[in-house]
Amino acid sequence: MARHKISVTVNGAVREAEVESRLLLVHLLREVFRMTGTHVGCDTSHCGACTVILDGEPVKSCTLLAVQADGCKITTVEGLEQGGKLHPVQEGFTEKHGLQCGFCTPGMMLSSVALLERNKNPSEQQIREAIAGNLCRCTGYVNIIKAVQYAAEKMR
Amino acid sequence: MATPKTDARISGMGHSMKRKEDPRFIRGQGRYVDDITLPGMLYMDIVRSPYAHAKIKKINTEAALKIPGVLAVIDGPTLEKYKLHWMPTISSDTQMVLPIDEVMYQAQEVCAVIATERYIAADGADAVEVEYEPLPPMMDPFKSMAKGAPVLRKDKKDQKDNIAFHWEAGDRADTDKALKAAEVVVTENVYLPRIHVASMETCGCVADFDAAQGKLTVYMTTQAPHAIRTVFALVAGHVGLSEERIRIISPDIGGGFGGKVPVYPGYVIAVAASVVIGKPVKWIEDRMENLQADSFARDYHMKVELGAKKDGTMTALRIKTVADHGYSNASANPSKYPAGLFSICTGSYDLKHAFCEVDAVYTHKPPGGVAYRCSFRVTEAVHAVERITDALAQKLNMDPAELRMKNFIRPEQFPYKSVLGWEYDSGNYAPALKKAMDLIGYDALRKEQAEKRKKGELMGIGISSFTEIVGAGPSRDFDILGIKMFDSAEIRVHPTGKAIARFGTKSQGQGHETTYAQIVAEELGIPASDIQVEEGDTDTAPYGLGTYASRSTPTSGAAAALAARKIRDKAKQIAAHLLECSAADLDWVPGKFFIKGVPQKSKTIQECAFAAYTNHPQGMEAGLEATHYYDPPNLTFPFGSYICVVDIDPGTGVVKVRRFVAVDDCGNIINPMIVDGQIHGGLNQGLAPALYEEISYDDEGNITGGSFIDYLVPTSLESPNWETDKTITPSPHHPLGAKGVGESATVGAPPAIANAVVDALRHLGVTHIDIPITPEKVWRVLKGKGAAA
C-alpha cells in the first residue's frame, strides 16, 4: 500500500509522519503520535468519542484519513490546558460533574470548545444541538450542559 | 443525615466533593485498555459467523497466512489441543470459546487472526475463508420450548429439551386461589426487549504472558477482576495457569453497566495466543462486535396478572415468564437465583399472595443475559408490577397515584417480610410519591390533560413507585460459582498521616476514588484528599466480587467504614499512650482524640499515625492498617417515585418527554453530587429502552440493531432535563445507613414513561404498549383506533 509523507500541526507543534493511505486520523493520533486522549467508541461516526478540532471545526477523527489532515491544524484534548491553566470547559466539566467514566469526555469537551468559539452565549437548546453528535452513556447530559454554561460564563 | 459531621477540609459523608478521578480524565490522561501498549505487542482480530446456525465445513487460512505480518490463525481445533475450546459461564452453563464444527448464533467467534499490526490483523480476518452449511435457526423462544422442538444444545449430554432452567418463587396454589377469588383481575402480556449496555468503551484486553516467570498479566475491561482471576485459573489451571500465576489488572473502564462482568471468548483466545506465541496480544472489539456478540440484557416475555378488591386493594400477583437466554445461559446471577432477584416483583405493595415463575429457553441468539444496570432481573420485575398497577387503576377508573398510596407497604411495617421471602430493610413510600407529585404539580397536570383531551391533544402522566433490592449479598444466600458475595477494603495509614485504601470492587465511572475516600475520611477524620483509593489490580487489592448490582457501597463501602473503625480503635490506644491516660478517658471528634472535658489535651489522627511507626506502646504491634471483609446481613432496598409527563404527536406518533421528576431514597448519602449524577445517567438508561433501543432478529437470525446506525442510544436532543429530589430513609443494618443507588433510575424510569404513554392513549381503550415505544408503534395504535391525525 502506498505511503505518504504528511505534516500536521497538533496542539501547536508540527508533527510529521509517513502513513499508509488508509490510516485513520484517530489512529495517527493514538498510535503514531501516542496521544491516547482521543478515543474510539464506534465504527459508524455516531458516538463522537474521537472528536478533535480540525482547522476550527469539530470533526470525527475516525471518519477522516490521516492524509486528509495533511497541512491542517488539529486541537486534541491534550491541547486544551495552556501553560498549566485548565480551559474553562475542562474546569466546567469537573465543577459541574459533567463526566463519569470519562470515555466520551475528550470528544464532548472539544465539541463544546468549538461551540463556544463561534457562539459566546449559547442557549440550552444550542448546546444540546452542538453536542448531539457526541454520545454519553453515563451522565444523562444534564450536567454536561451545565458544564458548558459554566465555561461560557467564564469565557465572557 | 442532612448536615455533614465533618468540615469541607475533611470532606466526609454528605459533602459534594469534586471527583478525585477528574483531573486525569479532563486532560485525556485516563488509561483505558486500548491506551496500553507493551513492547512487541501483537494484535488480534476475530472472524465471526454471518449465520445464526450453520455447520462449519472448512476454514481456509492459506490466503490470510500469506499476508506479511499475519503470524497465526487460531481456530477451535487449535484450542481443543489444550482443552480450551469450551469455557464455563458465570451461571455454570457452558459456552464455546471457538467452535469445532457448528456455530450457534450470528457474530459468534469462528477463529482469530494474530498479526503484528491492528490493520494487518483485520486484513487477515478478511482473508480467512470459511465454508458454511447454513442450518435452520431457532429464533422464537416459544417454539423452542414446544414439545418436539429440535434440541439445540446437543453438546450437553442430559439435555432433552431447550429449557435452560425453570425457577419459581411463592405459593402457586395459594395464588391461584386468591386470583380466582379476586373481585377484579387485570392481565397484560409484557415484553421487555433484548437490549445492550452499549458502554461507550467496548470490551478488550491485553494479554501478556511472561514465559520466564511463568506469569500471565491481563489488562482487561472487567468489573470483577478477582472473580475473573479465579475463573481463569479454573479454566486454564490444567495448562499451568494456576491462580498465583495470574494477575488481572482492570484499568480505567469506559462504562460497564453489567456488560463487563462476563468472560467473553475474545479474552480467552487472546490469553491462549499470548501463552502460545510468548508475546503480548491486544484484542479490542469494535462497536458492531460489541453489540452483536457480547452478552445482551432483558428479553423477558411476562404474563402478568393482578387481582384486587373493587376498592383497589391489591390481593394477588402472578407472573409467568419465558426468558430467551440465547445459545447459553451466560447470565451473571448468583448461583441460588438463576432468575436473579425477580421475586422482588411485589414491589412497593403489601401483597399477601404472589407467585412467579421463569422458564429460561435456549435459542440461536447470542448468550446472556446480563444484569444491565440492574441488580439481577429487578428491572423486569419492576416493569411488570408498575405496569400492571396502572392497568388496575385504569380498570377501576382510579387515579394511579391514589391506587399506589392505598396499597403501599406502610412505614410501621418495616422491616417488612414480603410474601415472596425478602425482608425489606426500610422504606417510607408515601412521602416520596407525595414529594414527586408536589414537585411536578400533579393535580394541575391532570386538569391540563382533561382540557387537552377535549381538544383531541394527547398528553399523558405516568408514575412509577419502585422498590429495588441491591447490594448482594449475605453469604448464606449469595455466591457466584461458589464464591461468597462479600466484599473487601484494606486501609493503610502512612506515618505522615496520609493513607491508601484498596478494594475488591472496581469503578467504571461511579467515582469510587472519591466516595470511598470520603467514607474513610468520615471515620478517621483524615482529609479525603489525603486518601488514595486503588482498585482493579488483583496482585495488590484484597479479594472481592466486583462492582455490579449496586453492591459497592452496600459491601465495600461498609467494609471501608469497618476497617477504618478498627484503625480508629487502635489509634485511640496510641492516643491514650501519648496523652498518658486511659483510652476510656478519650472522646473523639472527626480527626482528633481528646481527654473528656479537656479539649486542649488532644492528639490528632495524624499524630497517632506517626506514633504508630515511631513511638508505639510496648506490646502493641507497630503500624496502622486494617482489612475488613464485609458480609452484609441483608440486602438494601432503595426506592423512589418517578413521574413523567409526555406529549404525543398524533400525526407522527413521536413521544416527547416534557418533564420527568425523580424522587429517590438511597438512605444516607456519601456524595450528593455523585448520587445526582448516578440518577441522571440511570434515567437516561431508562429512557433509552422505553423509547428507542432494541436488538431484535429476523426469522433467519439476522440481527437488527447491531450498530449505532440502528441501535439508538439517546443523544442530548432526546434526553429531557431530568429533575431530581430525594427523601432519606437510612438502612438500619448498613454501618453508614447507606443503600446502593447506581441502578435505581434505570429500573424505575421505563415504567414511568410507558405508563405516561398508555395514560395519554387511555381514553382510546389502550391498556398496554411494549417498550421501546417507537413512533411507528404509537402511530399504528392511533391508526387502529382511528385517532391518527
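Strands, as the term is used here, are DSSP runs of type E with at least two residues, numbered from the N terminus. The model is predicted.

**Exercise 1. Place B:Asp299 and B:Ser550, and say which sign of phi each has and whether each is buried or exposed.**

Solution.
Step 1. B:Asp299 sits in strand β15 of chain B, which covers residues 296–308.
Step 2. Its phi is positive, about 65°, although B:Asp299 is not a glycine.
Step 3. A residue is buried if 20 or more other C-beta atoms lie within 10 Å of its own. B:Asp299 has 24 other C-beta atoms within 10 Å and is therefore buried.
Step 4. B:Ser550 belongs to the loop between β26 (531–535) and α15 (552–579) of chain B. Phi of B:Ser550 is also positive, near 50°, in a residue other than glycine.
Step 5. B:Ser550 counts as buried because it has 33 C-beta neighbours inside 10 Å.
Step 6. As background, most residues other than glycine have a negative phi.

**Exercise 2. Where do the cis peptide bonds B:Gly368 to B:Gly369 and B:Ala472 to B:Gly473 lie, and what is omega in each?**

Solution.
Step 1. Between B:Gly368 and B:Gly369 the bond is cis, with omega near -5°. B:Gly369 is part of strand β18 of chain B, residues 368–370.
Step 2. The bond joining B:Ala472 and B:Gly473 is cis, with omega about -25°. B:Gly473 falls in the loop between β21 (458–467) and β22 (479–480) of chain B.
Step 3. For reference, most peptide bonds are trans.

**Exercise 3. Is B:Thr614 buried or exposed, and how far is its C-alpha atom from that of B:Leu179?**

Solution.
Step 1. B:Thr614 is in helix α16 of chain B, residues 605–614.
Step 2. The cut-off for an exposed residue is 12 or fewer other C-beta atoms within 10 Å. B:Thr614 has 9, so it is exposed.
Step 3. B:Leu179 and B:Thr614 are 435 residues apart along the chain, and 72 Å separates their C-alpha atoms.

**Exercise 4. Describe the fold of chain A from its elements and its overall dimensions.**

Solution.
Step 1. Chain A contains five helices and five strands. Read from the N terminus, the order is β-β-α-β-β-β-α-α-α-α.
Step 2. The C-alpha trace of chain A spans about 45 × 30 × 25 Å along its principal axes.
Step 3. A compact globule of 156 residues would have a radius of gyration near 15 Å, so the 15 Å of chain A agrees with that.
Step 4. Of the 156 residues in chain A, 58% are buried.
Step 5. Among contacts in chain A with a separation of 6 or more, 59% come from residues 24 or more positions apart.

**Exercise 5. How do helices α3(A) and α5(A) pack, and which residues meet?**

Solution.
Step 1. Helix α3 (residues 105–118) and helix α5 (residues 142–155) of chain A pack at about 40°, with axes 11 Å apart.
Step 2. α3(A) and α5(A) are therefore oblique to each other. Their crossing is right-handed.
Step 3. From α3(A), A:Met108, A:Ser112 and A:Leu116 meet A:Ile144, A:Val148, A:Ala151, A:Ala152 and A:Met155 of α5(A).
Step 4. By class, this contact has seven nonpolar residues, one polar and no charged.

**Exercise 6. How many residues does each chain give to the contact of chains A and B, and which element of chain B gives the largest share?**

Solution.
Step 1. Chain A gives 39 residues and chain B gives 42.
Step 2. On the side of chain B, the elements giving two or more residues are α1 (22–26), α9 (287–293) and α17 (672–691).
Step 3. The largest share, six residues, comes from α17(B).
Step 4. The side of chain B that touches chain A divides into 15 nonpolar, 18 polar and nine charged residues.

Key:
Residues numbered from 1 in each chain as written. Chains lettered and ligands numbered in written order. Predicted model: local features only at pLDDT ≥ 70, side-chain atom pairs only at ≥ 80, totals over all residues. Helix = DSSP H or I, 4+ residues; strand = E, 2+ residues; numbered from the N terminus. Rg over C-alpha atoms; globule rule 2.2 N^0.38 Å. Contact = placed C-beta atoms within 7 Å. Nonpolar A, V, L, I, M, F, W, Y, C, P; charged D, E, K, R; others polar. Axes fitted to C-alpha atoms, helices over the stretch in contact; angles between N-to-C directions. Parallel < 35°, antiparallel > 145°, perpendicular 65-115°, else oblique. Left-handed = near helix turned anticlockwise from the far one by under 90°.
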